[in-house]
Amino acid sequence: MAPVAHLLLSWLSTIELVENRRERVLITLSGIAPDIDGAGVIIDKITGTTNYYFEYHHVVGHNVFAGIFLSVLVYLLSVKQRSLAAILAFGVVQLHVLCDLIGSKGPDGYNWPICYLYPISETLKLSWSGQWQLNAWQNLVIAALAFSACIFYVHTRGITVFELCGQKLDAAAVGLYKRLLANTA
């Protein structure tokens, strides 16, 4: 699944349960953090000789231990709802893994397995024969539904995913939404 979809799903997972913006940001970042193991693509492009992306993506960040690490980190950085934030952080990492398990097949048809017990063991590789491609209609529908849910929250709660970048940007996005809504009425 695309990183933007992971971001939206992770943020949406926090809205009804987490009061504090700081904790919503931490949990949401946990939900996209597994894709840090895809950063090898940058080195691969620069050097032209390495293969870090294919060796480590879905390995380093897409496992139970990454989920535990991020959960502990969120607990330590949280202020108000520490335990809930830690549980949700672990949950959004698992949601990320599940979404990639079902919908991140490469354009070449490679069914990308997930090394769920890495670094303890590389023998348990999760995969699913029905995995759809990253750009498949299913992922587009999920992203569209997540975007629609974000519109619902800007309309009902006056909050946007842009709160991740700061309160001023969030307020500006809410203001823009209200102006657009007023112009269509």
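Helix H1, which spans residues 3-12, is largely enclosed by the rest of the structure, because seven of its ten residues are buried. The buried members of this helix are Ala5, His6, Leu8, Leu9, Ser10, Trp11 and Leu12. Their packing partners are three other helices, namely H2 (21-32), H6 (82-103) and H7 (137-156). It should be said at this point that the model described here is predicted.

With H1 as a starting point, the view can be widened to the whole chain. The chain holds eight helices and two strands, and a reader moving along the sequence meets them in the pattern α-α-α-α-α-α-β-β-α-α. The C-alpha atoms fill a box of roughly 55 × 40 × 35 Å along the principal axes. For 185 residues, a compact globule would have a radius of gyration near 16 Å, and the 18 Å found for the chain agrees with this. Of the 185 residues, 44% are buried. Contacts also reach across the sequence: among those between residues at least 6 apart, 64% join residues at least 24 apart.

On the outside, the chain exposes about 10300 Å², and carbon and sulfur atoms supply 68% of that area. One nonpolar patch on the surface covers about 850 Å² and is made by Phe65, Ile68, Phe69, Val72, Leu73, Tyr75, Leu76, Leu77 and Ile120. Leucine 76, one of the patch residues, has its place in helix H5, residues 64-77. Its relative accessibility is 55%, so leucine 76 counts as exposed.

Helix H5 also offers a buried residue to look at. Alanine 66 is located in H5 and, at 14% relative accessibility, counts as buried. Leaving aside residues up to four places away in sequence, alanine 66 touches Val60 and Gly61. The C-alpha atom of alanine 66 is separated by 27 Å from that of phenylalanine 147, a residue 81 places apart from it along the chain.

Charged pairs come next. The count of salt bridges is two. In one of them, glutamate 16 pairs with arginine 157, and the closest N and O atoms are 3.7 Å apart. This pair links distant parts of the chain, with glutamate 16 in the loop between H1 and H2 and arginine 157 in the loop between H7 and helix H8 (167-184), 141 residues apart. Glutamate 16 counts as exposed at 54% relative accessibility, whereas arginine 157 is partly exposed, with a relative accessible area of 43%.

Glutamate 163 forms a salt bridge with arginine 24, and here the closest N and O atoms are 2.6 Å apart. Since glutamate 163 lies in the loop between H7 and H8 and arginine 24 in helix H2, the pair ties together parts that are 139 residues apart in sequence. Both glutamate 163 and arginine 24 are buried.

What is the count of disulfides? It comes to zero, and the distances between sulfur atoms show why for two of the cysteines. For cysteine 115, the closest cysteine sulfur is that of cysteine 99, and at 18 Å it is too far for a bond. For cysteine 150, the closest is in cysteine 165, at 13 Å, which is again too far for a bond. Cysteine 115 counts as buried at 5% relative accessibility, and cysteine 150 is buried as well, with a relative accessible area of 9%.

Two details of the backbone complete the picture. Most residues other than glycine have a negative phi, and most peptide bonds are trans. Against that background, the peptide bond from tyrosine 118 to proline 119 is cis, with omega near 10 degrees. Proline 119 sits in the loop between strand S1 (114-115) and strand S2 (125-126). The other detail is histidine 58, which has a positive phi of about 75 degrees although it is not a glycine. Histidine 58 is found in the loop between helix H4 (52-56) and H5, where its relative accessibility of 1% makes it count as buried.

How values were computed: Residues are numbered from 1 along each chain as its sequence is written. This is a predicted model: local features need pLDDT of at least 70, side-chain atom pairs count only at pLDDT 80 or more; totals for chains, interfaces and linings use all residues. Side-chain values use heavy atoms; hydrogens and water are left out. Buried means under 20% relative accessible area, exposed over 50%, partly exposed in between (1.4 Å probe, protein chains only). Helices (H or I, at least four residues) and strands (E, at least two) are DSSP runs, numbered from the N terminus. Contact means heavy atoms within 4.5 Å. Patches are made of residues with over 30% relative accessible area and no salt bridge: like charges are joined within 9 Å, nonpolar side chains (Val, Leu, Ile, Met, Phe, Trp, Tyr) within 5 Å. Accessible areas come from the Shrake-Rupley method with a 1.4 Å probe; for residues, only the protein chains shown count as cover. A salt bridge is a side-chain nitrogen of Lys or Arg within 4 Å of a carboxyl oxygen of Asp or Glu. The radius of gyration is taken over C-alpha atoms; the globule rule is 2.2 Å times the number of residues to the power 0.38. A disulfide is a pair of cysteine sulfur atoms within 2.5 Å.
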